[in-house]
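Student: I would like to go through this structure and ask how each label is earned.
Tutor: Then let us look at it together.

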Amino acid sequence: MESLNDIKKRIKSVNDISQMTHAMQLVSASKMRKSKMQHEMVSPFFTLCAESLMELRNNAKDLDNPFLTMREHKTGSTWKIAYFILTGDQGLAGAYNNNIVKIAEDHIQKKILENARKNVKTEYKLYVFGHIGGEKLKRDGYAVDPDFSFPISDPTYYEARNVANIIRAKYLSGEFDLVYLIYTKMESAISMKPVITRLLPIDTKSLKDSFASGAEDAGIAVEAGSSVDYFPNPEAVFSFLIDTGLNAVMYGAMVEAFACEQTARMQAMDNANRNADEMMKKLTIESNRARQARITNELNEIVNGASQVE
């Protein structure tokens, strides 16, 4: 059995850690609520933009836009893929960062194998938000852009727009053939799931899943049976909506990823608090036993000493 002093030191250590994890849980809960409110405030506008984009896509069948067209796979060509991966800037969030990294690595290997079967080479580059995931991907041997540096904490629309501008410019210049966004989506208050969304070429199904509340068809931005005239022309309106839509998807993903990270950390700290409480109970029992043993030994020494005097 440990000495009473050693047990007291362990109790103090566990109590100090418990106070820290409890504080971190409260901070994460506050940040998570703020992030969710931020997303809910702007979501109606972004939803309308996405619905209008799908409406226009269905009505203007002859649209010719580079953001809509999947580039042709040619035998022996090289398919250039970009991944924008949203991880955390801090640890102590359970399996949050590991789950994102795993789904990214699995998808990269899957695309390499698929293209190899078509006799197409694959080049990829990773643009990682948050240094936790970036460092792990580097250690695993993946090509992470060292110059891309955007924090995931307290995301703003301006940061999302800057990232979207980078994506549009690199895609139009031919640096990317495909662009994927990987982040964690909040399914419920306690359930989170890493998801992969194809940003470019535009995947209207992903837009519908992200913003249109599961609507079965486009046409939800206007009344059924109505006709719409686009000024100056459908292409110009579509280009504007594409820009706004990409900004919206990126901002929504950043806000949701940050909220998920805080939720994961809040849950991890709650588990740590529970474990600390259980450990405190066990240490208290050990402390009582050690104290009783010491008292018993002292009484035995007194009794033995008295017997020797007699």
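Tutor: P201 sits in the loop between β4 and α5 (204–211); helices (H or I, at least four residues) and strands (E, at least two) are DSSP runs, numbered from the N terminus. This is a predicted model, in which local features need pLDDT of at least 70, side-chain atom pairs count only at pLDDT 80 or more, and totals for chains, interfaces and linings use all residues. Residues are numbered from 1 along each chain as its sequence is written, and side-chain values use heavy atoms, with hydrogens and water left out.

Student: What makes the peptide bond from L200 to P201 worth a remark?
Tutor: That bond is cis, with omega near -10°. Most peptide bonds are trans.

Student: What is said of phi at N119, and where does N119 lie?
Tutor: N119 is not a glycine, yet its phi is positive, about 60°. Most residues other than glycine have a negative phi. N119 belongs to the loop between α2 and β2.

Student: Why is N119 called exposed?
Tutor: Buried means under 20% relative accessible area, exposed over 50%, and partly exposed in between (1.4 Å probe, protein chains only). N119 has 51%, so it counts as exposed.

Student: Why is D154 called partly exposed?
Tutor: Its relative accessible area is 44%, between the two cut-offs, so D154 is partly exposed. D154 is in the loop between α3 and α4, and it too has a positive phi, about 45°, without being a glycine.

Student: How do you know that K111 and E114 form a salt bridge?
Tutor: A salt bridge needs a side-chain nitrogen of Lys or Arg within 4 Å of a carboxyl oxygen of Asp or Glu. The closest N and O atoms of K111 and E114 are 3.5 Å apart, so the pair qualifies. The two are three residues apart in helix α2, which separates them by about one helical turn. K111 counts as buried at 13% relative accessibility, whereas E114, at 25%, is partly exposed.

Student: What does the salt bridge between D243 and R168 tie together?
Tutor: D243 lies in helix α6 and R168 in helix α4, so the pair ties together parts that are 75 residues apart in sequence. Their closest N and O atoms are 3.4 Å apart. D243 is partly exposed at 32%, and R168 is buried at 9%.

Student: Why are E261 and R265 called buried?
Tutor: E261 has a relative accessible area of 2%, and R265 has 2%. Buried means under 20%, so both residues qualify. They form a salt bridge with closest N and O atoms 3.0 Å apart. Both lie in helix α6, four residues apart, about one turn of the helix.

Student: How many salt bridges does a search of the whole structure find?
Tutor: The search finds ten.

Student: How do you know that the span of α1 agrees with its number of residues?
Tutor: The expected span of a helix is 1.5 Å times one less than its number of residues. For the 56 residues of α1 that gives 82 Å, and its end C-alpha atoms are 79 Å apart, which agrees.

Student: Where does α1 have a kink?
Tutor: The kink, of about 45°, is at S43, shortly before the proline P44. The bend at a residue is the angle between axes fitted to the seven residues ending there and the seven starting there.

Student: What puts the buried residues of α3 on the same side?
Tutor: G133, G134 and L137 are buried in helix α3 (residues 131–139). They cover an arc of only 100° around the axis, which puts them on the same side of α3; the arc is that of the directions from the helix axis to the C-beta atoms. Among the elements covering them are β1, α2 (96–117) and β2.

Student: What makes a set of residues a nonpolar core?
Tutor: Its members are buried Ala, Val, Leu, Ile, Met, Phe, Trp, Tyr and Cys residues joined through side-chain atoms within 4.5 Å. The largest such core has 51 residues, of which F84 and F129 touch the most other members. Its largest share, 17 residues, comes from α6.

Student: Which residues does F84 touch?
Tutor: Contact means heavy atoms within 4.5 Å. Leaving aside residues up to four places away in sequence, F84 touches residues including Y127, F129, F148, V163 and I167.
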